[in-house]
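Subject: Structure handover

Hello,

Here is the structure I promised to pass on. Please open it alongside this message.

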Amino acid sequence: FTENQAKAEALKQKEAEDSFYQKLVDGFDVNVLVVGDSIAENGQGEKGWCTLLQNNLRKTYGNSVSFTNISMGGNASYALNDDVDYDLAIICYGQNDGADGFSTNYESIIRAIRSKYPDCSIISILESSQRTYTEKMTTIQSICEHYSIQVADTIAAFNNSGKAYDDLTGDGVHPNDAGQEIYFET
């Protein structure tokens, strides 16, 4: 009994200390938080990048992978009051934000996530809708470099896809099914 109890405690400790990526490899269940604007909100559809990512992680690792997507069109910040301990947060902002105050707002989102979920890994998305590395996108890159956060560069992915931008969006902003696949792959 004592040996089993010690093994259970060691396993619980390992789970608490593992990064998101290590939890996947070790077979632990993971919780993913997605915060963003309409580009992230639209990723929830059957062929959306969030759904594709969730299904791929489940299939690849056999773990339970829970996604909470609190993204909303026009959204520029978030507030979340739940008791879930998130392992990964994906930040997808930039389309609706003005350049004025963007740096402060974006950094405050990162700081809020790190404060509430100190062991949470973060990935920031450079939104393809910007088409080029606008001031907001270079700000995201700079902030992410400062905080050692991974960046998913969908601008480059769209530009290097071999397809015209308009063939990857339905309205010039939001990714269509082909664009959603690129977001997922990135």
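Below is what was found in it, region by region.

First, a caution: this is a predicted model.

The nonpolar cores

Start with the largest nonpolar core, which has 24 residues. Those with the most contacts inside it are Phe20, Val32, Val34, Trp49, Phe67, Ile90 and Ile125. Many elements feed this core. Four helices each supply at least two residues: H2 (20-26), H3 (38-41), H4 (49-61) and H8 (177-185). Strands E1 (30-36), E2 (65-69), E3 (88-92) and E4 (121-126) each do so as well. H4 gives the most, with 4 residues.

Another core lies apart from this one. It has 22 residues, among them Tyr86, Ile113, Tyr117 and Cys120.

Which residues does Ile125 contact, leaving aside its neighbours within four places in sequence? The list is Trp49, Ile90, Ile91, Cys92, Tyr93, Tyr106, Ile140, Ala152, Thr154 and Tyr183.

Helices H5 and H6

Next, a helix pair. H5 covers residues 102-116 and H6 covers residues 135-147. They pack at an angle of about 35°. Their axes are 10 Å apart. The crossing of H5 past H6 is right-handed. On the H5 side, the contact is made by Phe102, Ser103, Tyr106, Glu107, Ile110, Arg111 and Arg114. H6 contributes Lys136, Thr139, Ile140, Ile143 and Tyr147. By class, that contact has 6 nonpolar, 2 polar and 4 charged residues. Tyr106 of H5 and Ile140 of H6 belong to this contact, and both also appear among the contacts of Ile125.

Helix H8

Which residues of H8 are buried? They are Gly179, Gln180, Ile182 and Tyr183. These residues cover an arc of only 155° around the axis, so they sit on the same side of H8. As general background, an α-helix has 3.6 residues a turn, so residues three or four places apart point the same way. The buried residues of H8 pack against H3, H4, E4 and helix H7 (154-159).

Gln180 also gives a link to Gly45. The two are 135 residues apart in sequence, yet their C-alpha atoms are 9.6 Å apart in space. Gly45 is placed in the loop between H3 and H4. Its relative accessible area is 34%, so Gly45 is partly exposed.

The loop between E2 and E3

Two residues here deserve a look. Both Ile70 and Asp87 lie in this loop.

Is Asp87 buried or exposed? Asp87 is buried, because its relative accessible area is 5%, under the 20% cut-off. Not counting residues up to four places away in sequence, Asp87 touches Phe20, Lys23, Asp29, Val30, Asn31, Asp119, Cys120 and Ser121. Phe20 is one of the best-connected residues of the largest core, and Cys120 is in the other core. Asp87 and Gly162 are 75 residues apart along the chain, with their C-alpha atoms separated by 34 Å.

Ile70 is partly exposed, with a relative accessible area of 22%. Its C-alpha atom is separated by 17 Å from that of Ser108, 38 residues away along the chain.

Positive phi values

Two residues other than glycine have a positive phi. Arg131 has phi near 65°. Arg131 is in the loop between E4 and H6, and it is partly exposed, at 39% relative accessible area. Ser148 has phi near 55°. Ser148 falls in the loop between H6 and strand E5 (150-153). Its relative accessible area is 66%, which means that Ser148 is exposed.

Best wishes

Notes:
Residues numbered from 1 in each chain as written. Predicted model: local features only at pLDDT ≥ 70, side-chain atom pairs only at ≥ 80, totals over all residues. Heavy atoms only, no water. Axes fitted to C-alpha atoms, helices over the stretch in contact; angles between N-to-C directions. Left-handed = near helix turned anticlockwise from the far one by under 90°. Contact = heavy atoms within 4.5 Å. Nonpolar A, V, L, I, M, F, W, Y, C, P; charged D, E, K, R; others polar. Core = buried A, V, L, I, M, F, W, Y, C linked by side-chain atoms within 4.5 Å. Buried < 20%, exposed > 50% of the residue type's maximum accessible area, 1.4 Å probe, protein only. Arc of directions from axis to C-beta.
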